[in-house]
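Thanks for making the time this morning. I would like to walk you through one protein, going from its surface to its interior, and I will put it on the screen now.

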Amino acid sequence: MTKKVLVVEDNELNLKLFCDLLRAHQFAVEPVRDGREAVAKAREFVPDLIIMDIQMPHVTGYEIILELKADEELKAIPVMAVTAYAGREDEERIRAAGADSYVSKPISLARFMDAVGALI
């Protein structure tokens, strides 16, 4: 059965790159450009993995992760945080919110796919 990945990313180039890469590896992908739609889209799409940009307008990925992990229906879905924040305390804070994996930008495509494979 095809694994489903929800990609929450406001940067169009990153969103296209992640979605194209995942599709090339036979994943079903649902892109979300506006973080405010992420939780509703997760309920609708029921992904096996959520890839979450952290720095977005309107709502941060950190806030969305907290909301996902507080939701009984969604909390078991693994979340991979993808961020330009690379400080040690940033990673600790994001993992403490519930992220299962943390990948810093700029992205190594091999490291990105390794992280995806480790979660689903």
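How much area does the protein expose, and what share of it do carbon and sulfur atoms supply? Please keep in mind that this is a predicted model, and that in it the exposed area comes to about 6200 Å², of which carbon and sulfur atoms supply 51%. As for charge, there are 15 positive and 21 negative charges, and their mean positions lie 3 Å apart.

Turning to the fold, you can trace five helices and five strands, which from the N terminus on follow the order β-α-β-α-β-α-β-α-β-α. The radius of gyration is 13 Å, close to the 14 Å that the globule rule gives for 120 residues, so the protein is as compact as a globular protein of that length. Among contacts with a separation of 6 or more, 60% are made by residues 24 or more positions apart.

Now to the interior, where 45% of the 120 residues count as buried. The largest nonpolar core has 23 residues, and those touching the most other members are Val8, Ile50, Met52, Ile64, Ile65 and Leu68. Two or more residues each come from strand S1 (4-8), helix H2 (38-45), strand S3 (49-53), helix H3 (61-69), strand S4 (79-83) and helix H4 (88-97), with H2 giving the most, namely four residues. If we set aside residues up to four places away in sequence, Ile64 touches Gly35, Ala38, Val39, Met52, Met56 and Val59. There is also a second, separate core of 18 residues, including Leu21, Leu49, Phe112 and Met113.

Terms used:
Residues are numbered from 1 along each chain as its sequence is written. This is a predicted model: local features need pLDDT of at least 70, side-chain atom pairs count only at pLDDT 80 or more; totals for chains, interfaces and linings use all residues. Side-chain values use heavy atoms; hydrogens and water are left out. The radius of gyration is taken over C-alpha atoms; the globule rule is 2.2 Å times the number of residues to the power 0.38. Buried means under 20% relative accessible area, exposed over 50%, partly exposed in between (1.4 Å probe, protein chains only). Contact means heavy atoms within 4.5 Å. Accessible areas come from the Shrake-Rupley method with a 1.4 Å probe; for residues, only the protein chains shown count as cover. Lys and Arg count as positive and Asp and Glu as negative; His and the chain ends are not counted. The place of a charge is taken as NZ of Lys, CZ of Arg, CG of Asp or CD of Glu. A nonpolar core is a set of buried Ala, Val, Leu, Ile, Met, Phe, Trp, Tyr and Cys residues joined through side-chain atoms within 4.5 Å.
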